Amino acid sequence: NPQTIEAGSPYNESGAVVTDNHDTNLSVNMIIDSSNVDIGVLGEYTVTYNVSDTAGNPAIEVIRTVNVTDTIAQDSAETAVSAYEDAPITNLTEVASAEALKAPADTAVTSVLNTTAHDAFALRISTRATAIASARATLELEVEATALELSNAKVIAHNDLTIALGNYIQTNYTPENWIILIEFKTTGDTAIDNAVDLDGVITAKTTAVNGMAGVQVQPAEEI
């Protein structure tokens, strides 16, 4: 009966039964030697079983093969490493989530004792870490470029509103309507500052410009 145990797990003796033509209950005298089984090192080990009858006649030694493997550890590592590899990294939020999966993958791989499998997992983690780092660098540059573009657009939009207001003559409006016109400009400036993208800037400026243009001028006095 070959026996397979996971590395790190205790060796539990499966037991054996002794039969004899004359004596009974010899199993209690059986000598089991499992001293060479190393649960911390992968490999094939042997457990020996010896017994003698009441007349001192020894039985033929019986040997059980014990295989120490890390199959479960490798399965766990595959699950953790695959999750790390498959995590999306199309934006900075996803990148952060993917980065958080590296530690569990590293931990899972430390339990893999098979050198070939361990090194293969480590290489996959290293390759993925490089790809994620590259994605983060690219995305951060894009964010910086977008932020700069948005900032510049806001400066231009504010300037456009100032120019637009300068085209109106206060004396052409009643005091009340002039206040309304100024409020369109002020509200537009605030909306521009609060815009989170270029479309928002354009909408804020357009709304303010159209609002100022729609304020009624006072009728010209007849001569």
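This briefing describes selected strands, side-chain contacts, aromatic rings and salt bridges in one structure. The model is predicted, and the distances and accessibilities given below are computed from it. Across the structure there are eight salt bridges and two aromatic pairs. Asp53 is buried without taking part in a salt bridge, whereas Arg124 forms salt bridges with Glu78 and with Glu85.

**Strand pairing**

- Strand β2, which covers residues 31–33, pairs with β3 in the antiparallel sense, and three bridges connect the two strands; Ile31 has Asn50 of β3 as its bridge partner.
- Strands β3 and β4 also run antiparallel to each other, here over seven bridges, and within this pairing Tyr49 is matched with Val62 of β4.

**Asp53 and its surroundings**

- Asp53 sits in the loop that runs between β3 (43–50) and β4 (62–69), the two strands that pair with each other in the antiparallel sense.
- Although Asp53 is buried, it has no salt bridge, and the nearest side chain of opposite charge, that of Arg64, is 22 Å away.
- The side chain of Asp53 does reach backbone atoms of the chain: the backbone nitrogen of Ala55 is 3.0 Å away from it, and the backbone nitrogen of Asn57 lies 2.8 Å from one of its polar atoms.
- When residues up to four places away in sequence are set aside, Asp53 touches Asp20, Asp23 and Leu26.

**Aromatic cluster**

- Of the two aromatic pairs found in the whole structure, one is formed by Tyr168 and Tyr173, whose rings are arranged edge-to-face, with 6.3 Å from centre to centre and 70° between the planes.
- Tyr173 and Trp178 form a pair that counts as tilted, because the ring planes stand at 45° to each other, with the centres 5.7 Å apart.
- Tyr168, Tyr173 and Trp178 together make up one aromatic cluster, in which Tyr173 and Trp178 are both buried, while Tyr168, at a relative accessible area of 22%, is partly exposed.
- For Tyr173 the relative accessible area is 8%.

**Salt bridge between Arg64 and Glu13**

- The side chains of Arg64 and Glu13 meet in a salt bridge, with a distance of 3.8 Å from N to O.
- Because Arg64 belongs to strand β4 and Glu13 to the loop between β1 (3–6) and β2, this pair ties together parts of the chain that are 51 residues apart in sequence.
- The two partners differ in their burial class, since Arg64 has a relative accessibility of 8% and counts as buried, whereas Glu13 has 32% and counts as partly exposed.

**Salt-bridge network around Arg124**

- Arg124 forms a salt bridge with Glu78, in which the closest N and O atoms are 2.9 Å apart; this links Arg124 in helix α4 (residues 115–166) to Glu78 in helix α1 (residues 71–86), across 46 residues of sequence.
- Arg124 also forms a salt bridge with Glu85, the closest N and O atoms here being 2.7 Å apart, and this pair again links helix α4 to helix α1, with the partners 39 residues apart.
- Through these shared partners, Glu78, Glu85 and Arg124 are joined into one network of salt bridges.
- Each member of the network is partly exposed, with a relative accessibility of 24% for Arg124, 32% for Glu78 and 25% for Glu85.

Notes. Residues are numbered from 1 along each chain as its sequence is written. This is a predicted model: local features need pLDDT of at least 70, side-chain atom pairs count only at pLDDT 80 or more; totals for chains, interfaces and linings use all residues. Side-chain values use heavy atoms; hydrogens and water are left out. Helices (H or I, at least four residues) and strands (E, at least two) are DSSP runs, numbered from the N terminus. Buried means under 20% relative accessible area, exposed over 50%, partly exposed in between (1.4 Å probe, protein chains only). Lys and Arg count as positive and Asp and Glu as negative; His and the chain ends are not counted. A salt bridge is a side-chain nitrogen of Lys or Arg within 4 Å of a carboxyl oxygen of Asp or Glu. A polar contact is a pair of N or O atoms within 3.5 Å; within protein, one must be able to donate a hydrogen and the other to accept it, and residues adjacent in sequence count only if both atoms are side-chain atoms. Contact means heavy atoms within 4.5 Å. Two strands pair if DSSP finds at least two bridges between them. Rings of Phe, Tyr and Trp (its six-membered ring) pair if their centres lie within 6.5 Å; planes under 30 degrees apart count as stacked, over 60 as edge-to-face and the rest as tilted.
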